[in-house]
Amino acid sequence: MALSGLTIDYTRTQRELDRLAEFSSVSAPAVGRVMLSDADMAARDYLKSLFADAGLRVHTDPAGNVFARWIGAEPSLPAVVTGSHTDAIPYSGKYDGTVGVLGGLEAIRSLQRCNFQPRRSLELLMFTSEEPTRYGVGCLGSRLLSGSLEPSRADALLDESADAFSELRQRRGFSGSLSDVRLAEGHYHAFVELHTEQGPLLERDGLPIGIVTAIAAPAAIRVTYTGEGGHAGAVLMPDRRDALLPAAELALEVDRAARGSGSLDTVATMGLLQVHPGAVNGIPSRTYMEIDVRDVQLGRRDQVLSHIEELAMRIGARRNVEASVERINADPPAQCDPQIAATIEAACHDAGLQYQRMISRAYHDSLFMALLCPIGMIFIPCRGGVSHRPDEYSSPEAIGAGVEVLARTLAQLAEIAP
Ligand code: HGY
Ligand code: MN
Ligand code: MN
């Protein structure tokens, strides 16, 4: 679609990204913005002001998902949606997720500036809590929108201070029932998410755009080992039931299981390990860990996951500690819609940008939006493939290229008003 006069003000988007990064629980250059924290609430107010300044109709649902809509000529038609998340794991960077929200906003503004009139409404969605940090479950907002998480289970989620989501969201002003969050299939026409690649391939190949074909299947389990604490000096070795040793052994076995799957597409790590009492002269009495296992192939992912669960129990028994294993989530992979991928491809041609098709190994809210409507994802390169770190970086020009492809894709999907 010809969009004469389309310009992307990526310096403005960069300024907005820089401002957004200031809403953080940790000092720059790191960013920390856990869902519904003070930093997150301040960031939400800032973003909603930007959405309103763009003349979008803004509302928030009981889960804290924020919707900003540009009403199209035929408002009753299912809308075309873009968006991502702005929560951030502790000590991460300023681009993960935020490029999709502020880049999505600039894509909409760029279409407004060139007098494009959408037939379908265009909606910008900022999902509550894509990161699993607070409750251990990622994509809380898009899971609830797509019916992939029971509202009662979501409300009962407890964070590490045993604060339930139901309590926290009420205190933060997100009242109403989570049962009202779910959207009907067909509510949306298409969803397209702009995101940094969070990997090295685009930069390595010198390409500005990635067209995502599939999103890997994420799973996570939690394991607890309970042994016997005691004085690190006084208890003799044969009398110990040290709960850290099975955790250490399991961490190595998790790594071995992923490397031994026969495919580079299998990845696994023990990303979280808590030791109680956590004193140098106290024998660990309890360890709590969370393990992340992913693969683009569901069967292989499940095989490795079950193997790790069995190992966790076996190691606990052999080391004479109590073991408990619980699945946090085990989601299927998502396929991106070939039509939308072709639309993104055409947008790349119109923008004169090279691209490659690729898999997303990180999960995104798109994984769950795929349960609601056809999805597409646009990747931009990130320096060194780094993400979830303070030195995460994508250049304003790279962001601008992604926003232009997104704007052209959204225009094509929303169609021109008759
Ligand atoms: O973990 C992920 O893949 C996402 O960045 N939350
Ligand atoms: Mn992330
Ligand atoms: Mn992300």
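**Entry 1. Strand pairing around β3**

I count two strands as paired if DSSP finds at least two bridges between them. The model I am working on is predicted.

I started at β3, residues 66–70. I looked up its partners and found β6 (residues 122–127), which pairs with β3 in the antiparallel sense over five bridges. In this pairing Ala68 stands opposite Leu124 in β6. I then noted β2 (residues 57–60), which is joined to β3 by four bridges and also runs antiparallel to it. Here Phe67 in β3 has His59 opposite.

β2 and β3 form a hairpin with five residues between the strands. Within that hairpin I noted Gly64, which takes a positive phi near 95°.

Next I checked burial. Are the residues of β3 mostly covered or mostly open? The strand is mostly covered, with five of its five residues buried. In a regular strand the side chains alternate between the two faces of the sheet. I therefore listed the two sides of β3 separately: Val66, Ala68 and Trp70 lie on one, Phe67 and Arg69 on the other, and all are buried. I recorded both faces of β3 as covered.

**Entry 2. Manganese ion, ligand 3**

I looked up the protein donors of ligand 3, a manganese ion, and found His85 (NE2), Asp96 (OD) and His195 (NE2). They lie 2.1 to 2.3 Å from the ion. The spacing of these donor residues in sequence is H-x10-D-x98-H. The pair Asp96 and His195 links distant parts of the chain, 99 residues apart. Asp96 is in the loop between β5 (88–92) and α3 (98–113), and His195 is in strand β7 (residues 188–196).

I also read off the accessibility of these two donors. Asp96 has 9% relative accessibility and so counts as buried, the cut-off being under 20%. His195 is buried as well, with a relative accessible area of 1%.

**Entry 3. Manganese ion, ligand 2**

Which residues donate to the manganese ion that is ligand 2? I found Asp96 (OD), Glu131 (OE) and His388 (NE2), at 2.0 to 2.1 Å from the ion. Their spacing in sequence reads D-x34-E-x256-H. His388 sits in the loop between β15 (375–380) and α12 (396–414), and Asp96 in the loop between β5 and α3, so this pair ties together parts that are 292 residues apart in sequence.

Asp96 appears in both donor lists. I noted that Asp96 bridges the manganese ion (ligand 2) and the manganese ion (ligand 3), and that the two ions lie 3.5 Å apart. His388 is partly exposed, with a relative accessible area of 35%.

**Entry 4. Four-stranded sheet**

I traced an open sheet of four strands in the order β10-β11-β9-β12, with antiparallel pairing. β10 and β12 stand at the edges with a single partner strand each, so one side of each has no neighbour in the sheet. From one strand to the next the twist averages 15°.

I then looked at β9 and β11, which run antiparallel and are joined by ten bridges. Tyr225 stands opposite Thr287 in β11.

**Entry 5. Largest pocket**

I recorded a volume of about 1600 Å³ for the largest pocket. It is lined by 46 residues, and those closest to its centre are Pro132, Thr133, Glu290, Asp292 and Tyr363. I sorted the lining into 19 nonpolar, 14 polar and 13 charged residues.

Which strand supplies the largest share of this lining? I found that it is β10, with six residues. Strands supplying at least two residues each include β5, β9 (217–226), β10 (267–276), β11 (286–295) and β12 (322–330). For reference, β9, β10, β11 and β12 are the strands of the sheet in entry 4.

**Entry 6. Cavity**

How many cavities of 30 Å³ or more does the structure hold? I found one. The largest cavity has a volume of about 30 Å³. Its lining consists of Arg33, Val34, Met35, Asp87, Ala88, Ser129, Glu131, Thr133 and Arg134. By class, that lining has three nonpolar, two polar and four charged residues.

I marked two names for cross-reference. Glu131, in the cavity lining, is also a donor to the manganese ion (ligand 2). Thr133, in the cavity lining too, is among the residues closest to the centre of the largest pocket.

Key. Residues are numbered from 1 along each chain as its sequence is written. Chains are lettered from A and ligands numbered from 1 in the order in which they are written. This is a predicted model: local features need pLDDT of at least 70, side-chain atom pairs count only at pLDDT 80 or more; totals for chains, interfaces and linings use all residues. Side-chain values use heavy atoms; hydrogens and water are left out. Donors are N, O and S atoms within 2.8 Å of the metal (3.2 Å for Na, K and Ca); water is not among the atoms, so sites may look incomplete. Buried means under 20% relative accessible area, exposed over 50%, partly exposed in between (1.4 Å probe, protein chains only). On a 1 Å grid over the protein atoms alone, a cavity is a set of points where a 1.4 Å probe fits but cannot get out, and a pocket is an open set with protein on both sides within 12 Å along at least five of seven lines; lining residues have an atom within 4 Å of a point. Grid points are joined across faces, edges and corners, and a volume is the space filled by probe spheres set on the points. Ala, Val, Leu, Ile, Met, Phe, Trp, Tyr, Cys and Pro count as nonpolar, Asp, Glu, Lys and Arg as charged, and the others, Gly among them, as polar. Axes are lines fitted to C-alpha atoms, for helices over the stretch in contact, and angles run from 0 to 180 degrees between N-to-C directions.
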